[in-house]
Amino acid sequence: MITAEGVKANQARMEMLRSNYDPLWSEIARLVYPEMNQFYGGAMAGWYAMGGRKDAQMHEPYAAQAMEDGVSLFEGFVMPRGQRWQKLALDADLMKSVRVQQWVEQKEMRLFALRHDPESGFVGAVHESAMSLYAFAAQSMWIDIRYSPVSGRRLGLSYESEFVGEQFVEWDASGNPFRMHRKFALTAEQALGKWGRDTPEPVVKAIGDDKRKTQEFEFIHVIEPNLEFDPERIDHHGKPWSSAYYLCGGDHQVFLRGGYHSKPRIFSTFTRGLRNSWGFSPTMRILPQIRLLQEITHNRVFSAELKMLPPLLAGDDELDGAILELKALGVTYGGLDERGNPKLKTFFDASDSTEGQLLSQEARAIIDKGYGRDLLQIAREQKTHITATRTEEERAEKGVLLAPLARQESEWLAPMTVRELALMAEMGEFNDAPGEVLEYFEAEGEFSWVYDNELTRMMQAQDTTAFLSLAQQVGLLAQFDKTVVDDFRREYPMARVLDVLGKNAGVPASMRATDEDKQAFDAQKQQEAQQQALLAALPAVSDTVKNVSMAAGSVA
């Protein structure tokens, strides 16, 4: 059971464990993600006293732009827009039925329709969460049912990317988040609009005071496993996840207790060590180079200013009362002595910035590699003689380099899909399931899924590369022995080969022929063969008819 004392103790412990990351996140926000430079409230208000870099500023946007490209690469390879990058399935025996296959495909299409609904917020939430992963190594997404504000009717699903600075997480022995706190602030008016009659009394009292109704109150939303879970009950005790809100401050009040059948807050990290709770992001790994690039840019600007506007030296009172015309065609009277020498001289000449430019280029190359930006340079070699095998080898190599992104398929996309399917069931999307599927669900059967995205295909490109390489070798051997081609075709039937090559290349299933299409094609080929045979036989038949006619005339 969630208690005020427990929430307070857990929050204090989680804030202490996360305190080392707060100043680091704030510096990263300043350098590459200024939109999220909000690490100043709540538990992070005192980050200045934690040793964080207070002088971190963005002088050069190169790293921020590179991170945007890295996020675009992640979205394009893992969750490409406009594609069904996930395939649903049921038990293998059930999937043998065409009717079940068609029903599963309908639900798969419905799932992606809910995601891509313009009102769902899915596209924006995915982008913001991916940006958070690349910057801070963690993301949090809230998924729930979307209701009509007028009629209260269920309209679909809603997705919201949550600010990572508000999240506090503890992990179980398997490395999965099991206790999640979100600490946030609302004004008294906002809280009343959100919770209505369930709003805590101290907040309601502030509404009547004009000076206090805009006062911010801090709350904690708690989600953790229900230790009193009873599947026979229909209230919040019958849900595997418990939840409650906690009012911070003197009252320490717990209110609005509830629960969830599936975890609504999807939290994941980019990569995490065995004894590390918050993980490491691509930005953290190249942060020294990002700092260096900012300092180099700042110094190069300063050097350019010195070169264009150098400091001047003058003797004491040499130009007392004179007006210095530091402008184009400006004339400074009294600026020369009796010998014609200038009374003002430059203090020093600006130094050469070549070394700084070289260091800047090195830093940019490391930043590009850290974000995977170098993988986007498809035409960097500018060659026209690259073979298909070489192209597939490069795709397979990219798949190896991008393999760490597949971690999000288990940490982010898998629990997200579980939540989505649970909400679809709650909305009655599965009520039209065939009888055998309903029995399967009643026996606690579940959906399974595989990922059919560019990342998966790139990781599988080695299959295509191996076959094309073998085909090239067979072509060389065929110069010495023609029968090797027949052996090759017998060993690797083209129908199976084309199936694998098509999947690895990402050819849509809608472009494949159905059984009826194949039968029609075979019938047409057979008809064409018969016509060719008939045309080939016509000269012989004509000669036979002519000979018979001549023989008949001779007899007559």
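The second largest pocket of this predicted model holds about 970 Å³ of space. It is lined by 24 residues, and those closest to its centre are His261, Ala422, Glu444, Gly445 and Glu446. Two elements each give two or more residues to this lining, namely helix 12, residues 407-426, and helix 13, residues 435-442. Helix 12 supplies the largest share, with six residues. In terms of class, the lining of the second largest pocket comprises 14 nonpolar, five polar and five charged residues.

Allow me to turn to helix 6, which spans residues 188-195. Which of the residues of helix 6 are buried? They are Ala188, Ala191 and Trp195. Viewed down the axis of helix 6, these buried residues fall within an arc of 60°, and therefore they line one face of the helix. As a general point, an α-helix has 3.6 residues a turn, so residues three or four places apart point the same way.

What covers the buried residues of helix 6? The cover includes strand 5 (177-187), strand 6 (216-225), strand 7 (241-247) and strand 8 (253-260), together with helix 7 (201-207). Just after helix 6 comes Gly196, which takes a positive phi of about 60°.

Finally, I consider the chain as a whole. It contains 18 helices and twelve strands. Of its 556 residues, 39% are buried. Among contacts in the chain with a separation of 6 or more, 70% are between residues 24 or more positions apart. The chain exposes about 32400 Å², of which carbon and sulfur atoms supply 53%.

Notes
Residues are numbered from 1 along each chain as its sequence is written. This is a predicted model: local features need pLDDT of at least 70, side-chain atom pairs count only at pLDDT 80 or more; totals for chains, interfaces and linings use all residues. Side-chain values use heavy atoms; hydrogens and water are left out. Helices (H or I, at least four residues) and strands (E, at least two) are DSSP runs, numbered from the N terminus. Buried means under 20% relative accessible area, exposed over 50%, partly exposed in between (1.4 Å probe, protein chains only). Contact means heavy atoms within 4.5 Å. Accessible areas come from the Shrake-Rupley method with a 1.4 Å probe; for residues, only the protein chains shown count as cover. On a 1 Å grid over the protein atoms alone, a cavity is a set of points where a 1.4 Å probe fits but cannot get out, and a pocket is an open set with protein on both sides within 12 Å along at least five of seven lines; lining residues have an atom within 4 Å of a point. Grid points are joined across faces, edges and corners, and a volume is the space filled by probe spheres set on the points. Ala, Val, Leu, Ile, Met, Phe, Trp, Tyr, Cys and Pro count as nonpolar, Asp, Glu, Lys and Arg as charged, and the others, Gly among them, as polar. The arc is that of the directions from the helix axis to the C-beta atoms.
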